[in-house]
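Open your viewer and get ready to click through a few selections. This tour tells you what to select next and what you will find there.

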Amino acid sequence: MDKVGVGVDIHPLVKNRPLIIGGVTLPSKKGEKAHSDGDVLYHALVDALLGALDKGSIGDYFPSSDPKYKDIDSSFFVFEIKPLVIESGYRIANIDACIQLESPMISEYVPIMRDNIYALLSDLGLAKESISIKGGTNEGIGKIGKGKAVSAIVSVLLYKEEDK
């Protein structure tokens, strides 16, 4: 049986913080205000995987109240939930992500983001060609459109190896 999960993350943007998306530090005067490094793509990816497995959310495993996660690289969260996918017997068929950010434009960084996700999850059956990352703006609407926030929406499709 295939399973689909969706994850959403949003963080305000503030001065004196790096803007990190998909493990890439982007050129920006503002970055995510967060307990960890604030990588919205990785946070939404973790929630999508957990959702597909019916295992809760990122906050259940890595609460922002825990000081050991202060400023931590969010790839840690992706790496740490991989055993849940493995133990469930599922593999990753594809990942589809959309980053909502007024600026900078992310298109030139997408190949590196894809490489980073592939490096983290390729051992779960994920092909690099099955990772889609798109950027979009909010056309000046809301906190994202005013350059005060960044968000990511990620969907994943999981499958059982024996089903294919």
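## First stop: a lysine under cover

Start with Lys82, which is buried, with a relative accessible area of 8%. Keep in mind as you go that this is a predicted model. The cut-off for buried is under 20%, so Lys82 at 8% qualifies. You will find Lys82 in helix α3.

Now show the side chains around this lysine. What does the side chain of Lys82 make a polar contact with? The partner is the side chain of Asp123, at 3.0 Å. Leaving aside residues up to four places away in sequence, Lys82 touches Leu120, Leu121, Asp123 and Leu124.

## Second stop: helix α1

Next, select residues 40-52, which make up α1. Of its 13 residues, 12 are buried, so α1 is largely enclosed by the rest of the structure. Colour the buried ones if you like: among them are Val40, Leu41, Tyr42, His43 and Ala44, and further along the helix the buried residues include Leu49, Leu50 and Ala52.

You can also check the length with a distance tool. At 1.5 Å a residue, the 13 residues of α1 should span 18 Å, and the end C-alpha atoms are indeed 18 Å apart.

Then look at the two ends. Which residue caps the N-terminal end of α1? That is Asp39, with a side-chain oxygen lying 3.1 Å from the backbone nitrogen of Leu41. After the helix comes Asp54, whose phi is positive, near 55 degrees.

## Third stop: backbone surprises

A little background helps here. Most residues other than glycine have a negative phi, and most peptide bonds are trans.

Select Asn16, in the loop between β1 and β2 (19-21). Asn16 is not a glycine, yet its phi is positive, at about 65 degrees. Is Asn16 buried or exposed? With a relative accessible area of 78%, Asn16 is exposed.

Move on to Asp71, in the loop between α2 (58-61) and α3 (75-88). Asp71 is not a glycine either, and has a positive phi of about 60 degrees. Its relative accessible area is 43%, so Asp71 counts as partly exposed.

For the peptide bond, select Ser103 and Pro104 together. The bond from Ser103 to Pro104 is cis, with omega near 5 degrees. Pro104 sits in the loop between β5 (90-100) and α4 (110-121).

## Fourth stop: the loop before α1

Now select Lys33, in the loop between β4 (30-32) and α1. Lys33 counts as exposed because its relative accessibility is 53%. Which residues does Lys33 touch, not counting those up to four places away in sequence? They are His11, Pro12 and Val14.

Add Val150 to the selection as well. Lys33 and Val150 are 117 residues apart in sequence, while their C-alpha atoms are 10 Å apart in space.

## Last stop: a nonpolar patch

Finish on the surface by selecting Val4, Val6, Val8 and Ile153. These residues form a nonpolar patch, with about 360 Å² of accessible area together. Strand β1 (residues 3-15) gives the most to this patch, with 3 residues. One residue to look at here is Val8, which lies in strand β1. Val8 counts as exposed because its relative accessibility is 51%.

How values were computed. Residues are numbered from 1 along each chain as its sequence is written. This is a predicted model: local features need pLDDT of at least 70, side-chain atom pairs count only at pLDDT 80 or more; totals for chains, interfaces and linings use all residues. Side-chain values use heavy atoms; hydrogens and water are left out. Patches are made of residues with over 30% relative accessible area and no salt bridge: like charges are joined within 9 Å, nonpolar side chains (Val, Leu, Ile, Met, Phe, Trp, Tyr) within 5 Å. Accessible areas come from the Shrake-Rupley method with a 1.4 Å probe; for residues, only the protein chains shown count as cover. A salt bridge is a side-chain nitrogen of Lys or Arg within 4 Å of a carboxyl oxygen of Asp or Glu. Helices (H or I, at least four residues) and strands (E, at least two) are DSSP runs, numbered from the N terminus. Buried means under 20% relative accessible area, exposed over 50%, partly exposed in between (1.4 Å probe, protein chains only). Contact means heavy atoms within 4.5 Å. The expected span of a helix is 1.5 Å times one less than its number of residues. A polar contact is a pair of N or O atoms within 3.5 Å; within protein, one must be able to donate a hydrogen and the other to accept it, and residues adjacent in sequence count only if both atoms are side-chain atoms.
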